[in-house]
Amino acid sequence: MIAMWTRKATMMLVGGVSLILVGMMVSHFHLMILGMLMVSLLVMASWISGYPKLVVERELSEENVYKGDDITVTLTISNQSRRRTQTLDIYDNVPHEMKIRRGINMIRANLGPGQSTVLRYTVRCPLRGHFSIGPTSLRYRDVFGLFTDEGVADKRSDVIVFPQVRDIEDALLRSNVPKMYTGATTLRTPGQGTEFYSLREYMPGDSFRSINWKAFARTGDLMVNEKVRDAVTDVHILFDTRDISRIGTVLKNPLEMGAVATASVSNHFIRRRDAVSLTTYGRRMDHLPAEAGDKQQYKILSLLAGVSAGGTMPLQAVTNALIPRMNRGSPVFVVSSLEGDGTTLPAIRALSSHGHTVYVLSPNSIDLERLVSRIPRMAYEVLKMERQNRLMSLNGYGANVIDWVPDIDLAQALLQVKKG
């Protein structure tokens with residue numbers, strides 16, 4: 001705790017000492033006695049002042065939320081000492097990225113021994129990311145208002161704000177985005193699965209649970225059951241997080257739009273029981289291998305919540321590293337504004353040449369830049385034409401191109417696929 005003198009205490013000390021000195025100079029004992037009383041009051045107040053033992057507990061209605069959702073915070077402060085707190089100011093620190101919607105995050109209380117108070121408020125999370133609510137700042141004032149003690153209850157509550165997940169089911173069914181992939185399929189090859197395929201001899205390393213004991217009793221040789229391998233479609237998403245993806249406003253830029261698109265596309269295919277992999281590239285390349293299920297969706301959302309714009313890694317460096325790991329013919333989604341990367345065309349050509357169906361979902365960075373700066377009409381038309389030529393070139397290499405302008409919803413954008 002940090003004990004501080006208030007202005008009242010400082011003035012009282014200065015006044016008391018002054019009265020003592022003046023009384024001594026003029027031999028006026030009444031002034032000396034008054035000054036000594038003032039100084040004595042300060043000394044007594046400093047002895048009896050002190051910070052009581054407080055316990056702060058915080059509960060959140062949700063720890064993992066989506067962008068735009070609300071969180072209700074309940075803060076309980078308990079006085080576990082044998083003394084009254086007198087005037088106690090409590091302030092719960094909230095990240096500036098969050099906005100208080102209801103209630104207030106501060107309170108003034110006077111708690112007796114064993115008493116507690118509850119502070120409740122609701123915040124909205126307009127930005128995705130990893131945040132912490134807390135710590136709680138405490139300020140205690142003594143009964144005379146002469147001293148204050150300040151402290152911090154260093155208890156933090158972590159919150160993950162995921163990007164929004166849009167419903168794009170109808171859009172993908174009505175467009176030519178790969179609806180030919182129908183989720184989990186059964187391959188007539190041995191592997192992990194549920195359907196019986198054949199018997200084979202036991203080999204070191206095989207699980208004892210797979211041993212066919214009836215065959216062992218009949219032949220005397222250890223035999224194991226092989227299952228038909230259940231396979232799913234691998235969907236690969238490449239998400240551009242380079243520094244150039246910060247163009248636009250805080251809420252509307254290629255990075256934020258791309259995070260929404262990536263979360264929505266991955267959610268759609270995971271719900272169909274497909275396996276989805278995610279690769280982000282900017283400062284470095286982060287890769288989540290292809291998996292299916294809710295656990296994979298949580299991993300994807302957690303990764304997207306923490307991405308930030310930075311770096312200049314080209315798309316071709318990513319495709320060169322990933323193509324050897326991809327199953328031939330699996331669909332690839334590239335989410336990028338396509339600005340400032342001269343390797344886009346050869347990267348898309350390499351993916352197409354390896355049999356991949358490529359979909360390029362490109363937030364329109366030119367229209368996003370107009371939200372924050374004034375672009376002359378002639379320059380805007382030139383930039384727009386250059387972008388259209390770039391998209392047509394990708395279309396010529398076999399990519400399915402989606403030009404996503406800021407004022408169009410993701411589902412509507414997916415219906416406007418230009419098939420290569």
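**Reading a predicted protein chain**

User: What span should the 13 residues of H6 have, and what distance separates its end C-alpha atoms?

Analyst: The expected span is 1.5 Å times one less than the number of residues in the helix. For the 13 residues of H6 that comes to 18 Å, and the end C-alpha atoms lie 19 Å apart, which agrees. This is a predicted model, in which local features need pLDDT of at least 70 and side-chain atom pairs count only at pLDDT 80 or more, while totals for chains, interfaces and linings use all residues. Residues are numbered from 1 along each chain as its sequence is written, and side-chain values use heavy atoms, with hydrogens and water left out.

User: How many helices and strands does the protein chain have?

Analyst: Helices (H or I, at least four residues) and strands (E, at least two) are DSSP runs numbered from the N terminus. The protein chain has 11 helices and 20 strands.

User: What share of the 420 residues in the protein chain is buried, and which residues of H6 belong to that group?

Analyst: A residue is buried under 20% relative accessible area, exposed over 50% and partly exposed in between (1.4 Å probe, protein chains only). Of the 420 residues in the protein chain, 44% are buried. In H6 the buried residues are Gln 296, Gln 297, Ile 300, Leu 301, Ser 302, Leu 304 and Ala 305.

User: At what angle do helix H5 and helix H6 pack, and which residues meet?

Analyst: Axes are lines fitted to C-alpha atoms, for helices over the stretch in contact, and angles between N-to-C directions run from 0 to 180 degrees. Helix H5 (residues 254-271) and helix H6 (residues 294-306) pack at about 175°, with their axes 10 Å apart. That makes H5 roughly antiparallel to H6 (the word applies to angles over 145 degrees). Contact means heavy atoms within 4.5 Å. On the H5 side Ala 259, Thr 262, Ala 263, Ser 266, Asn 267 and Ile 270 take part, and they meet Gln 296, Gln 297, Ile 300, Leu 301 and Leu 304 in H6. The residues of this contact divide into 6 nonpolar, 5 polar and no charged. Here Ala, Val, Leu, Ile, Met, Phe, Trp, Tyr, Cys and Pro count as nonpolar, Asp, Glu, Lys and Arg as charged, and the others, Gly among them, as polar.

User: Is Arg 387 buried or exposed, and which residues does it touch?

Analyst: Arg 387, which belongs to helix H10 (residues 377-396), has a relative accessible area of 1% and is therefore buried. Leaving out residues up to four places away in sequence, Arg 387 touches Ser 337, Glu 339, Ser 362, Pro 363, Asn 364, Ile 366 and Asp 403. Thr 319 in helix H7 (residues 315-322) also counts as buried, at 1% relative accessibility, and with the same residues left out its contacts are Leu 238, Ala 347 and Leu 351.

User: Where is Met 98 found, and which residues is it in contact with?

Analyst: Met 98 sits in the loop between strand E5 (87-92) and strand E6 (99-103), and with a relative accessible area of 5% it is buried. Apart from neighbours within four places in sequence, Met 98 is in contact with Val 123, Arg 124, Cys 125, Pro 126, Phe 131, Ile 133 and Val 159. Met 98 and Pro 126 are 28 residues apart in sequence, yet their C-alpha atoms are 6.6 Å apart in space.

User: What percentage of contacts between residues at least 6 apart in sequence joins residues at least 24 apart?

Analyst: In the protein chain the figure is 72%. A case of wide separation along the chain is Arg 141 in strand E10, whose C-alpha atom is 10.0 Å from that of Trp 5, 136 residues away along the chain. Arg 141 is partly exposed, with a relative accessible area of 28%.

User: Which residues have a positive phi, and which pair is joined by a cis peptide bond?

Analyst: Most residues other than glycine have a negative phi, and most peptide bonds are trans. Ser 27, although not a glycine, has a positive phi of about 55°; it lies in the loop between H1 and helix H2 (29-48) and counts as exposed at 55% relative accessibility. Arg 273 likewise has a positive phi, of about 70°, in the loop between H5 and strand E16 (275-281), and it counts as exposed at 54% relative accessibility. The cis bond joins Gly 134 and Pro 135, with omega about 0°, and Pro 135 is found in the loop between strand E9 (129-133) and strand E10 (136-141).

Technical notes: Parallel < 35°, antiparallel > 145°, perpendicular 65-115°, else oblique.
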